[in-house]
Amino acid sequence: MTTADAAGTTVRVAFDGPDGRAVLEAARRAADAAADPEGPPIETLAVGSPGTVHLPLVAVTREGRTAVHRSVDPNDAAGLVSILADGGLPVDGATAVVDHDPAPDDFPVGDGPLSAGTRRTLRGAGWTDPTTFESPATLGAGALDTVSEIGLRGRGWGDARQDEPLAEGWRDARDADGDPVVVINGLDADPKADGDRLLLGSLPGRAVAGAVVAASAVDAEDIVAVLPEDDPVVAERVRTVGDRVAAETDLTVEVVGADGDYMTAEHTAVLESVEGNDRIEARRRPPGPETWGLFERPTLVHTPRTLAAVERAVADPERLDADAADPGTRLVTVVGPERRTVELPTDASLSRALVEDEFGGEPIDGDEGAEGTGETGSSEAFACVGGQFGGLTRDLDTPASAPALRGVGLGTNGSIEPFVEGSEGGCPVVVAGRRMRVAREENCGRCVPCRTGSVRAHELLREVYAGAFAESRLRELARTMGRTSLCGFGADAARPLATALDEFAADLRAHADGRCPAGVCDL
């Protein structure tokens, strides 16, 4: 317990970008200026985000009560500290004021947007020192056995074992010829999902600890953390954790910068980037990276979400149900004005992520949403689930587990983007079209189904506005891309189109007839 904690006066400045440094320094100067030689100091701590994107955030705590202020500038930070120094708590203008235990070990989320679900992987985010590293208690064969017995699955678009059990890939890497290496794929290039960036900025020690577990399981001596080149604060925190790992173990942690675009985050394309290749493309498989990866070495490629889940699983395996289809929790970013990332048990409905009413009084419901959706089209609320290339649905009564989401055609990359009638882009035809345009513009161009299919599908969606709806052709393109693309980019890119055809064909027909049921498109 720090001196400030004992006195009950602490200022936490949450940030993950350079602008937060100025806020932190302003808070520290104000604390120094107000210091009482006869009293305890006000401690100012640099932390990461608790799950919100409204940074820099300042959480001011006095004796079991915390006032949270979002999007703070340096002058505001100094003023908040001055109020604390005068014996008060700056509640005016606060986003939230939360009463809690005197010495909590996690950010006091209260009953606000961050309170959805549980905080297991996210525990400590926005509250504890982001550079803390705790050596895992279970390593080597014991850790591999634990991960295998639990059936832990990979998480995130950039993971080589996305939605698949980890243990098989670990065994392949352990038994392959060559010196294994573990790659932390931290590019987090999906603009709709913030889970990986949140962990790297707030709890990098947890993700790196998971990489230490993985390295011990395959007898690797090297960990390579690949981060976006434009994230200096995150890189500094990961390097600090890496230095602590090197001091406590025989492992080395190297931080490498890469372009943070969606295609480069593909789990073999990121290896091409680290190797310095001029043209970044997905690799043909087999062999997979577990047997032929970075510089031809056996390579585990995992996202921070996966590795943080590994660390939690090994630390407390009794908390996970080995009989579950997808044991543990998953991070879900709710995209909207109150954008935030929360953590859901995999057996919990996606709707639990929506603490606040995201639909203007029109909650998504599977039964109600199915009414009145005949040939005239519909204008009910809907959502895109699973990231940039998620699936469109009116029903959020689906468990957050990967098998359940894939079973109903939705994506698993950890996001929900709600749309309501009349909102910008709140038309399923627009949403599907924008995502197909992204697929057309950002694919690597190596395989025909993705390169050519995305172009043709985008063109056919545009022709709907001219009165031509080639439904059978669009369905065939979605099937071809989904089943025959070289990598997950093309397979995932087909999902918005496929689900739009399945769930919103009536809206597409209405557009071809010159009418937008959502009232968004100018026809």
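**Notebook: contacts, backbone and charge**

I looked up Val213 and, leaving aside neighbours within four places in sequence, found contacts with Pro136, Thr138, Leu139, Ala143, Trp170, Val310 and Val314. The model is a predicted one, and I read every entry below with that in mind.

I placed Val213 in helix H7, residues 204-218. I noted a relative accessibility of 1% for Val213, so I entered this residue as buried, the cut-off being under 20%. I also took the C-alpha to C-alpha separation of Val213 and Thr118: 24 Å in space, with their positions 95 residues apart in sequence.

Next I went to the loop between helix H4 (140-150) and helix H5 (166-175), where I found Gln162. I listed Gln162 as buried because its relative accessibility is 17%. Leaving aside neighbours within four places in sequence, I have Gln162 in contact with Gly154, Gly156, Trp157, Arg406 and Thr412.

I found Asp163 in the loop between H4 and H5 too. Asp163 is not a glycine, yet I read a positive phi near 65° for it. Is Asp163 buried or exposed? I have Asp163 as buried, because its relative accessibility is 2%.

I then checked Glu63, another entry on positive phi: the value is about 50°, and the residue is not a glycine. I located Glu63 in the loop between S3 and strand S4 (65-69). I put Glu63 down as exposed because its relative accessibility is 63%. I kept these phi values in the notebook because most residues other than glycine have a negative phi.

I turned to the peptide bonds. Which residue is joined to Pro56 by a cis peptide bond? I found Leu55, with omega at about -5°. I placed Pro56 in the loop between strand S2 (43-47) and strand S3 (57-62).

I recorded a cis bond from Pro286 to Pro287 as well, with omega near 0°. I located Pro287 in the loop between helix H9 (269-274) and strand S9 (299-302). I logged the cis bonds because most peptide bonds are trans.

Last, I looked at surface charge. Which residues form the negative surface patch? I listed Glu229, Asp230, Asp259, Asp261, Glu441 and Glu442. I took Glu229 from this patch and placed it in the loop between strand S7 (222-228) and helix H8 (232-248). I entered Glu229 as exposed because its relative accessibility is 56%, and the cut-off for exposed is over 50%.

Key
Residues are numbered from 1 along each chain as its sequence is written. This is a predicted model: local features need pLDDT of at least 70, side-chain atom pairs count only at pLDDT 80 or more; totals for chains, interfaces and linings use all residues. Side-chain values use heavy atoms; hydrogens and water are left out. Patches are made of residues with over 30% relative accessible area and no salt bridge: like charges are joined within 9 Å, nonpolar side chains (Val, Leu, Ile, Met, Phe, Trp, Tyr) within 5 Å. Accessible areas come from the Shrake-Rupley method with a 1.4 Å probe; for residues, only the protein chains shown count as cover. A salt bridge is a side-chain nitrogen of Lys or Arg within 4 Å of a carboxyl oxygen of Asp or Glu. Lys and Arg count as positive and Asp and Glu as negative; His and the chain ends are not counted. The place of a charge is taken as NZ of Lys, CZ of Arg, CG of Asp or CD of Glu. Helices (H or I, at least four residues) and strands (E, at least two) are DSSP runs, numbered from the N terminus. Buried means under 20% relative accessible area, exposed over 50%, partly exposed in between (1.4 Å probe, protein chains only). Contact means heavy atoms within 4.5 Å.
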